[in-house]
Structures are given as structure tokens and as C-alpha cells.
Amino acid sequence: MASFRRAFSSSSQFLNTKDTTLSRLSEHRKLEEIVDVLCQQKRLKEAVDFLHRIHQPSPRLYSNLIAACLHHRSLELGRKVHAHTKASNFIPGIFISNRLLHMYVKCGGLIDAQSLFDEMSQKDLCSWNTMIAGYANLGHLEQARKLFDEMPQRDNFSWNAAISGYVSHHRHREALDLFRTMQEHESSNSNMFTLSSALAAAAAIRSLRLGKEIHGYLVRTELNLDEVVWSALLDLYGKCGSLDEARGIFDQMVDRDVVSWTTMIHRYFEDGRKEGGLSLFRNLMGSGVRPNEYTFAGVLNACADLAIERIGKEVHGYMIRVGYNPCSFAASALVHLYSKCGNTEIARRVFNKMPRPDLVSCTSLIVGYAQNGQPDMALNFFELLLRSGTKPDEITFVGVLSACTHAGLVDKGLEYFHSVKEKHGLMHTADHYACVIDLLARSGRFKEAENIIDNMPMKPDKFLWASLLGGCRIHGNIELAERAAKALFEIEPENPATYITLANIYANAGLWTKVAKVRKDMENRGIVKKPGKSWIEIKRQVHVFLVGDKSHPKTSDIHEFLGELSTKMKEEGYVPDTNFVLHDVEEEQKEQNLFYHSEKLAVAFGIISTPPGTPIKVFKNLRTCVDCHTAMKYISKIVQRKIIVRDSNRFHCFEDGSCSCRDYW
DNA sequence: GTAGGGTTAG
């Protein structure tokens, strides 16, 4: 600041003094100095405007100004500087021209770049490469390829610009084809840039074969590889399911940077090895390498999927301590985490703190409200979003439609479904169809559902058929249930849920021969029912219960408490619902089975282990059954507790005898 | 002196 003031005041004084050749020279130097200082102070607009007071700026000054425009990504000011060179009859050398080209492509001025490129009497490799990279990065791949094919000679840079362009726009096959072509050219050798792009392409298409080929090649070339190539390689193995191989590479790396750590952690979670992922994250925090937005987002999303809110909260605390970018997807991952864990209040608080909330966070919040039995909040929020001028996308509508499903708002849901195409100009996705079938089937509007299925533009997927089957279960529609089950057996014959639901539908109708046949089919195909499992966290300790589990140390207390509850529940009018069992057993036995469902055990344990009034939060791996759902309503009223059950599909919040899902689930 | 690569959500 001080130096600027000095330079400025001395030159202003100079303007008022008499010109001499010497003073003019010195004046010129000082004016340039002012521009430099303005640039340093990030007062770029003033610097560019000041340029008009300089008669013939030096190439150095132009070069610095162009670099500053590039740095600020200001196309407008960049154009002004360029125009100034023309106006002052300055003929830029190839160096300045290349800088201009680079500035233009980075600021999105591809047309300016192309016309400058066409005007240039002399072009070197750098000029061509800058253009190719510019087109490629912005997704104009055909244009990039055209230049690449036209250019008189190529170096590694040219190959990589074209290859990485394909990679970053998900055209991985073409990237790998070009990589192969390059290897066939005797004059070109792959380097670390081309190799890391090629590895990323192989990883993206999950081709272990191509990846191994490249791996073999990079071992043979004896290049001194850096952490970027190693991370690309470990990501390849991780993405292709060879997690241990990836870990081997990770362990051998000398310099592990934040990307290698993040990649490794991410692959652990993706493979379902959450303990490995979390312990690696802990190691990272102790390693001195600073986690970035990608790391946070990866860990938080894993916590959200596994519904481990406590660990997510710890990560959140850590993020606050070390600082994170509130505009990044780390912030939206926080919204996602709290929404998924049933904590819409915190989710909303985090959301409100985001300076520029994005569509992903909005969608997470809508889905969160929908899953937590607050469909009105979900829909109000969506309407708010529309009014703010934000354009929803296909996934936002999945949230909106599922909110309608959870609330039983059939006609409103249909209205939204039609608006996707008619009002918002978006395409219907398979998920939209699954949602709308869910909506119709639950309310027993099977004719309309079938009509949509028979006329939809794509093949119905497993989610759609499973929704239909679920609706058939509620309304006892055996004929349509058989159609849905048949389709599901074709798509995923190994899923036990289909057999069980179908058997329950038959059992409900008293069709015991058919129940036996489904059981037989299951047995013959070696399909085992996934055991129901519930867990509850008490004092930072997780307690897991299986169906009829007697292994917990407090089992006798739990059973005693359930016995007492049972009497009180029956007094209040509870009738055990015994229809939804797979086997044809004696009534009394059925009741016993149901009474010992895992979520009831977990809830009972929660109640006897916490002081009166404490809310109970239980997680279940499967959907909650009808009887448990009814029982929870009674229990919440008798013990005067808020009971939250998060099943595989949504949250149920039981309070004083009723559930937030209003019996739609 | 000017151009480039790997992790990426709902």
C-alpha cells in the first residue's frame, strides 16, 4: 500500500512538471510501476484502465497484465488488454500471443482464442496445445480432436490434452483408444501425464485388464513416478474391486498426499469395509496431511449411508476446528448426513449456514423431510425452491415424489409427476416411474398403475416392481402380485425379499399350498432369508439384536419388561397381527415370533436402560413389519416416550400412540 | 519465461 502511494504521488507530481526525454522515460517507468502495484493489490480493473495513460507499454507489462486477467478469470479485462495491444500497434511475439490464448481459453473465450489463433502468423507447439486443451477441457471434444489431427507435429502434451479431454468428459473408451494409438507411435512416449489419464480412464470403465496392461507398461518404462500416477493406480485397483492390491500400493507409496489418502479411504467405504475406512481416516488426521473437501464428503457420505450419526458428528466437529469450504460438497454432505440420520433440524441449520446452497443440498433436505415423516416440510421447501428461481433436476423430483408417497398424497404426486415433463422440460427417469407406481399401488389404484407400466418408454426396473409388489401386499392383490414377483424373479432371482413378500401375500389369503411352493423354490435355489437385525446406541455403545435373540446379557430383563408391556398393550386394545409370517404355524407360536422381533427387543432394551422421557432411536436393517409398527404406537403411548425407528426405507417417529408416517410406508 | 495428470454428492 505504502509503495503504491509513493509511486502514485511521485508520478502525479511528475505529470505537472516539464517534459524532457529523460523525465519522460522515467515517467514511463513509473506509470508501469503503478500498474504493477495495482495488479499486486488485486485492483485489476484500475490497472487495466490505467493502461490508457501509458503510450507504449513494454511486453513485460502486457505479459503481467494478461497473467493477472487469467488469474482473475476476467474475460472482459483480458479483451481490453488485447485490444490495447492492437491499438498501440504492438506486435506480440509468440510468447505473449500464447499467454493471450491461454487467458482466453481459461476465461471461456474460445471464440476470441480461435480468432487470435487464426491470425497468428507463427504458431508453435504451445499454441496448438493450448487450443486443444482449451477445447478439450470445455467439452468441445470434436473441435479439440480436429486440431489434434491437423497439427503438424505433436508432443506428449498434445497427446495428453486430447486424452485427458476424453477422460474428463466420460468418454473413456476413446481416451484409451488414443492412448493405445500413442503407444504405437514410435516418436511418442507416454509420460506421467498421459499415464495418469489413461489409468483414470481404465478405472472409470472398471477395466482391470487394461489397467493391468498400463501398470505393466509403467513398471517397464522405469519412469520415476510421482504420487499422482500412484494414486491413479491405486484408484484403479480400488474401483475394480482389488482393494488389497490398492492398499499394497498405498502402503508402498513414499509421499502420500491428500488425494491418495482420500482415494484409499473412499474405496474402503465403497467396499463396505467401514472400519478400515474409518481407521484410515483417523490415521490421516494424525499424519499431518490436511484432509480436503473430497475427504470430508467421502467420510460423511459413508456415515450417512451407514446411519452412524455419532461419527459423522465427530467429523463435523473436526471440520469446524480445521476449517472447510462452506460452498463445497463437504457442506452438502453434512446436510445429507443429518437428513439421512433423521436429524432434519440440524440438517436445516447446516443448510441455512451455507452461503450458496446448491441443488444437491436442497434435494438432500427434501428427501430428509420426506423420510422423516415431514412431507409438508418437504413440499413447502420444494415450492420455496421453485419460487427462488432455482431449477430442480430429475433427482429433486425423486425426493418430491417420495414425499408425496410418504404422505399418501396421490393426486398431488401425480400432478408433480406430470409437471416433470410438462412444466419443467425434464425427462422422466426410471426412478420417477417407480415412485409413481409406489404412489398408486399403495392406495390400491392398480388399473392406473398397470396402465402406466404398459405404456412407459423404458423397461420397468426392480424398484418399480418391488413397489408394485408392496402395494399388492397391502391390498391383497394376488394376480398383480404374481406379475410383479415374476418380473422380479427374472431381474434379481437371488433377492429373498421377493419370495418373502409373495409368501406373506399368499399366507394372508390363506393359500398355504402356494406359501409352501414359494418356500420350496427358495430352498431349491439356496436363497436364505436375511435375518432381521436392529441396533440401538446407549452411552456410545451399540447393542445389536437379531430375531429372537437371547444372547444379550440383559435378555431376562428385556423379556420380563416385554411381558409386562404385552398385558398393558392388550388392555389398551392391541391385537397382535399374525398375518405376515412366512410359515403356517399355530396362532400362539406366531404371536411369540412377532413379539420377539429385533426392533421390539432393541426398543425394550432402550426403555429399561434410559431414564423416563428419553427418546429411543433404533435402526433396523429391513423394513419394519405391520405388527411391530402397530405395537410401537401402543408402546409409545404406554411408556410416554418418543420412539424413532429407522428401517431400511425411512424413519418412523412414534409419539403418543401414532406414527409420523401416518401408516404409509 | 507461455500449455498438462490422479480423489468428486443428492
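In this predicted model, the surface near DNA strand B has 20 polar, 14 nonpolar and 11 charged residues. In total, 45 residues surround the strand. The closest are Asn 129, Phe 157, Asp 226, Ser 231 and Tyr 294. Helix H14, residues 227-239, supplies the largest share of this surface, with six residues. On the DNA side, 37% of the strand B atoms within 4 Å of the protein belong to sugar or phosphate. The rest belong to bases.

Individual polar atoms of the strand can be paired with individual residues. At the side chain of Asn 191, an N or O atom lies 3.2 Å from a base nitrogen of DNA strand B. Glu 227 takes part through its backbone: one of its polar backbone atoms is 3.2 Å from a base nitrogen of the strand. Arg 267 addresses the phosphate instead. An N or O atom of the Arg 267 side chain is 2.9 Å from a phosphate oxygen of DNA strand B.

The domain assignment divides parts of chain A into three domains. Domain 1 covers 1-123, domain 2 covers 446-524 and domain 3 covers 533-659. Between domain 2 and domain 3, the C-alpha centres are 27 Å apart.

Within the domain 1 range of 1-123, His 82 was examined in its helix. This residue belongs to helix H5, residues 75-87. His 82 has a relative accessible area of 9% and is buried. Beyond its neighbours within four places in sequence, His 82 is in contact with Leu 100, Tyr 104 and Leu 116.

Helices H19 and H20 were considered next. Helix H19 (309-322) has 14 residues. From first C-alpha to last, H19 reaches 20 Å, close to the 20 Å expected at 1.5 Å a residue. Its buried residues are Glu 309, Ile 311, Gly 312, Val 315, His 316, Tyr 318 and Met 319. These pack against helix H17 (274-287), H18, H20, H21 and strand E3 (616-620). After H19 comes Gly 323, with a positive phi near 85 degrees.

Helix H20 spans residues 329-340 and has 12 residues. Its reach from first C-alpha to last is 16 Å, close to the 16 Å expected at 1.5 Å a residue. H20 is mostly covered, with nine of its 12 residues buried. The buried set runs through Ala 330, Ala 331, Ser 332, Ala 333, Leu 334 and Val 335, and also includes Leu 337, Tyr 338 and Ser 339. The cover over these residues includes helices H18 (293-305), H19, H21 (344-353) and H22 (359-371). Strand E5 (651-655) is also part of that cover. At the start of H20, a side-chain oxygen of Ser 328 comes within 3.1 Å of the backbone nitrogen of Ala 330. At the other end, H20 is followed by Gly 342, whose phi is positive, near 80 degrees.

Thr 396 lies in helix H24, residues 394-407. This threonine is buried, with a relative accessible area of 0%. Its side chain makes a polar contact of 3.0 Å with the side chain of Asp 393. With neighbours within four places in sequence left aside, Thr 396 is in contact with Leu 359, Thr 363, Ile 366, Phe 382 and Leu 385.

How values were computed: Residues are numbered from 1 along each chain as its sequence is written. Chains are lettered from A and ligands numbered from 1 in the order in which they are written. This is a predicted model: local features need pLDDT of at least 70, side-chain atom pairs count only at pLDDT 80 or more; totals for chains, interfaces and linings use all residues. Side-chain values use heavy atoms; hydrogens and water are left out. A residue is near a molecule or strand if one of its heavy atoms lies within 4 Å of it. A polar contact is a pair of N or O atoms within 3.5 Å; within protein, one must be able to donate a hydrogen and the other to accept it, and residues adjacent in sequence count only if both atoms are side-chain atoms. Helices (H or I, at least four residues) and strands (E, at least two) are DSSP runs, numbered from the N terminus. Ala, Val, Leu, Ile, Met, Phe, Trp, Tyr, Cys and Pro count as nonpolar, Asp, Glu, Lys and Arg as charged, and the others, Gly among them, as polar. Domain bounds come from an automatic or database domain assignment. The expected span of a helix is 1.5 Å times one less than its number of residues. Buried means under 20% relative accessible area, exposed over 50%, partly exposed in between (1.4 Å probe, protein chains only). Contact means heavy atoms within 4.5 Å.
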